[in-house]
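User: Please take a close look at one part of this protein, the helical packing around its main core, and set it in the context of the whole chain. I would like one connected account, with each term defined where it is used.

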Amino acid sequence: MSPSRKLYGKHKGPYRQRSVKKRIEALFLDNLGKVLTREQIIKAATDPDSGRQPENWHQRLSELRTDEGYTILSWRNRGELKVQEYLMPDKRKRRGAGKRVRPTDATWTAVLERAGYACEWNEAGIVCGLEEGENDPVGGGRVKLTPDHKNPHSLNPDADPKTPEQWQALCGRHQVTKKNYWDSTTGKLNTYAIVQFAPEPEKREVFHFLLSYFGYTTLNDGSIRKGKK
Ligand SMILES: [Zn+2]
């Protein structure tokens with residue numbers, strides 16, 4: 001898809017589905033292979049009766065990926081998409097998406113108390129720490145903590161709903177981050193997704209690592225040549 005052939009979708013509503021997620025899903029299914037903008041998604045997500053704009057539309061969009069198994073591309077996946085543009089290439093769903101084992105209520109309460117009712121995501125020693133109900137300054141919307149099994153289910157299929165140590169509390173954004181990074185069917189790191197979601201300086205570092213790994217040399221004018229200078 002070259003930028004000149006980028007096709008924008010149309011709002012074909014009214015979308016009267018009962019939930020924000022269902023209304024966003026209907027908009028995407030009406031526009032397969034076409035680019036949808038943030039404004040179009042918010043318009044479709046808006047409550048048809050009260051006219052209220054949902055603040056959590058982005059979270060619901062993420063759930064279409066993680067829980068329903070749809071592919072929804074963004075600027076992170078496709079260079080020609082701008083920030084705040086999204087595209088569902090087709091209506092296929094990944095199998096097995098959304099299957100969940102949950103901790104018992106008592107276990108979940110123990111996890112929340114240990115976590116101090118804050119997200120436990122830990123990246124290189126820095127804990128997220130966003131608290132339940134707080135505004136997420138990065139992802140937007142209000143923080144809702146949900147349980148995450150620390151090990152992928154395939155590595156530990158007997159996830160114990162009664163063992164708090166096996167669970168952690170994560171905010172919505174970090175649930176999505178983890179699901180994107182781990183392929184829960186193989187238990188392997190999803191290297192490709194990690195690179196996709198990395199900031200540009202890190203992407204560049206990986207790019208140069210791969211060039212050198214595969215025996216390419218970058219010349220002073222920025223061009224690339226196989227072999228040494
Ligand atoms: Zn978090």
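Analyst: Among contacts between residues at least 6 apart in sequence, 56% join residues at least 24 apart; two residues are in contact if their C-beta atoms, placed from the backbone, lie within 7 Å. The model is a predicted one, in which local features need pLDDT of at least 70 and side-chain atom pairs count only at pLDDT 80 or more, while totals for chains, interfaces and linings use all residues. Residues are numbered from 1 along each chain as its sequence is written.

The protein has seven helices and ten strands, these being DSSP runs numbered from the N terminus (helices H or I, at least four residues; strands E, at least two). Of its 229 residues, 24% are buried. A residue is buried if 20 or more other C-beta atoms lie within 10 Å of its own, exposed if 12 or fewer, and partly exposed in between, with C-beta atoms placed from the backbone.

The part under examination is centred on the largest nonpolar core, which has 16 residues; Ile24, Leu27, Leu36, Ile41, Ala45 and Trp57 touch the most other members. Such a core is a set of buried Ala, Val, Leu, Ile, Met, Phe, Trp, Tyr and Cys residues joined through C-beta atoms within 7 Å. Two or more residues each are contributed by α1 (20-29), β1 (35-37), α2 (38-45), α3 (57-66) and β2 (85-87). The largest share, four residues, belongs to α1. In soluble globular proteins, nonpolar side chains tend to be buried together.

Trp57 shows how these elements are joined. Setting aside residues up to four places away in sequence, Trp57 touches Val20, Ile24, Ile41, Ile42 and Ala45. The helix that holds Trp57, α3, is mostly covered, with nine of its ten residues buried. The buried residues of α3 are Trp57, His58, Gln59, Arg60, Leu61, Ser62, Glu63, Leu64 and Arg65. Their covering includes α1, α2 and α5 (172-181).

The contact of α1 with α3 can be described in some detail. The two axes come within 9 Å and cross at roughly 65 degrees; axes are lines fitted to C-alpha atoms, for helices over the stretch in contact, and angles run from 0 to 180 degrees between N-to-C directions. The helices α1 and α3 are therefore roughly perpendicular, where angles under 35 degrees count as roughly parallel, over 145 as roughly antiparallel, 65 to 115 as roughly perpendicular and the rest as oblique. Their crossing is right-handed; a crossing is left-handed if the near helix is turned anticlockwise from the far one by less than a right angle, and right-handed if clockwise. On the α1 side the participants are Val20, Lys21, Ile24 and Glu25, which meet Trp57, Arg60, Leu61, Glu63 and Leu64 of α3. By class, the residues of this contact are five nonpolar, no polar and four charged. Here Ala, Val, Leu, Ile, Met, Phe, Trp, Tyr, Cys and Pro count as nonpolar, Asp, Glu, Lys and Arg as charged, and the others, Gly among them, as polar.

The helix α1 also packs on α2, at an angle of about 130 degrees and with the axes 8 Å apart, and the pair is therefore oblique. The crossing of α1 and α2 is likewise right-handed. Val20, Arg23, Ile24 and Leu27 of α1 make the contact with Gln40, Ile41, Ala44 and Ala45 of α2. Six of the residues in this contact are nonpolar, one is polar and one is charged.

Two features flank this part in sequence. In the segment before α1 lies Pro14, which is joined to Gly13 by a cis peptide bond with omega of about 10 degrees. In the loop between α3 and β2 is Gln84, whose phi is near 75 degrees, a positive value in a residue other than glycine. Gln84 is partly exposed because 13 other C-beta atoms lie within 10 Å. The same loop, between α3 and β2, is the place of Arg76. Arg76 and Ala193 are 117 residues apart in sequence and 9.4 Å apart in space, C-alpha to C-alpha.
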